[in-house]
Amino acid sequence: MRRFYLFFLVLAAANLAAQSPVKATFAYSRSTIPGIPGAGPAQSPFPVSYFIYVVIKKDAAISVESVGLRGKWHSATLKKVDSPVQVEHDTAVPTGKKDTLVGKTSDDVYQVEIGEAKEPVQKSQAADKLSQRYEVVVCLRSGKSQWHGLVKKIVALHPAAAM
């Protein structure tokens with residue numbers, strides 16, 4: 001009977017060790033509309049801004065390897081931020097109205113800062129397959145394990161106006 005309990009404890013510990021520290025991943029985009037009459041976001045010479053956040057289990061050691069953004073790979077860094085994460089709804093007209101990008105949580109929240117476009121050093125076939133199904137794939141490492149933060153569809157925020 002002791003062997004059964006010992007086996008159960010070892011199995012439970014192995015299962016806990018294999019759980020992903022990634023709780024949630026959020027991705028938003030904001031286009032900039034030029035000040036040219038009649039020009040919309042499609043004709044904008046300004047790049048789209050992306051806001052990507054990963055919520056990680058409190059105090060878990062994590063690092064980012066790369067980010068797949070709409071099928072293209074980029075280098076990236078993580079910046080720890082406080083929750084809730086909010087931005088102005090309309091950057092051109094200060095109304096005080098804010099959009100909540102990440103709600104209040106006791107877990108750790110990191111902003112994924114996108115770097116230059118390049119193929120990741122440790123790219124895997126699994127990450128490539130995920131990038132075909134998800135608009136955002138954040139490749140993370142915790143210890144010797146690799147984890148992914150996934151976003152099916154990037155949410156478009158109210159566009160910004162160029163000044």
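These legends describe close-up views of a predicted model.

**Figure 1. The open sheet and its edges.**
Eight strands form an open sheet. Their order is β10-β9-β4-β5-β8-β3-β1-β11, and the pairing is mixed. The edge strands are β10 and β11 (155–156), each of which pairs on one side only. Strands of a sheet pair through backbone hydrogen bonds, and the sense can be parallel or antiparallel.

**Figure 2. Strand β9 and its two partners.**
Strand β9 covers residues 136–142. It is largely enclosed by the rest of the structure, because six of its seven residues are buried. One partner is strand β4 (residues 63–69), which pairs with β9 in the antiparallel sense over six bridges. Within this pairing, Val-67 has Val-138 of β9 as its bridge partner. The other pairing shown is with strand β10 (residues 145–151). Here β9 and β10 run in the antiparallel sense, joined by seven bridges.

**Figure 3. The hairpin of β9 and β10.**
Two residues lie between the strands of this hairpin. One view centres on Gly-143, which takes a positive phi near 65°. Which residues face each other across the strands? Val-136 stands opposite Val-151 in β10. Cys-139 stands opposite His-148, also in β10. In a regular strand, side chains alternate between the two faces of the sheet.

**Figure 4. Helix α2 and its buried side.**
Helix α2 spans residues 125–133. Its buried residues are Ala-127, Leu-130 and Ser-131. They lie on the same side of α2, because they cover an arc of only 100° around the axis. An α-helix has 3.6 residues a turn, so residues three or four places apart point the same way. What covers the buried residues of α2? The cover includes β5, β9 and β10. On the other side of the helix, Gln-125, Lys-129, Gln-132 and Arg-133 are exposed.

**Figure 5. Ser-29 in strand β1.**
Strand β1 runs over residues 22–30, and Ser-29 is placed in it. Is Ser-29 buried or exposed? Ser-29 counts as buried because its relative accessible area is 9%, under the 20% cut-off. Neighbours within four places in sequence are left aside in the contacts listed here. Ser-29 is in contact with Val-48, Ser-49 and Tyr-50. Ser-29 also contacts Ile-154, Val-155, Ala-156 and Leu-157.

**Figure 6. Asp-99 and His-89.**
Asp-99 belongs to strand β7 (residues 98–102). This residue is buried, with a relative accessible area of 17%. How far apart are Asp-99 and His-89 in sequence and in space? They are ten residues apart in sequence and 5.4 Å apart in space, C-alpha to C-alpha. Their side chains make a polar contact at 3.1 Å. Not counting residues up to four places away in sequence, Asp-99 touches several others, including Arg-30, Val-85, Gln-86 and Leu-157. Val-87, Glu-88 and His-89 are also among the residues that Asp-99 touches.

**Figure 7. Lys-152 over Tyr-134.**
Where does Lys-152 lie? Lys-152 lies over the face of Tyr-134, at 5.0 Å from the ring centre. The count of aromatic pairs in the model is zero.

**Figure 8. Backbone details in three loops.**
Most residues other than glycine have a negative phi, and most peptide bonds are trans. Three places in this model depart from that pattern.

- The peptide bond from Ser-83 to Pro-84 is cis, with omega near 0°. Pro-84 is found in the loop between β5 (72–81) and β6 (85–88).
- Asp-59 has a positive phi near 65°. Asp-59 sits in the loop between β3 (49–56) and β4. Asp-59 is exposed, with a relative accessible area of 64%.
- Arg-70 has a positive phi near 50°. The loop between β4 and β5 holds Arg-70. Arg-70 counts as partly exposed, at 43% relative accessibility.

Key: Residues numbered from 1 in each chain as written. Predicted model: local features only at pLDDT ≥ 70, side-chain atom pairs only at ≥ 80, totals over all residues. Heavy atoms only, no water. Helix = DSSP H or I, 4+ residues; strand = E, 2+ residues; numbered from the N terminus. Buried < 20%, exposed > 50% of the residue type's maximum accessible area, 1.4 Å probe, protein only. Contact = heavy atoms within 4.5 Å. Polar contact = N/O pair within 3.5 Å; in protein donor to acceptor, adjacent residues only side chain to side chain. Pairing = 2+ DSSP bridges. Phe/Tyr/Trp six-rings, centres within 6.5 Å; stacked < 30°, edge-to-face > 60°. Lys NZ or Arg CZ within 6 Å of the ring centre and 35° of its normal. Arc of directions from axis to C-beta.
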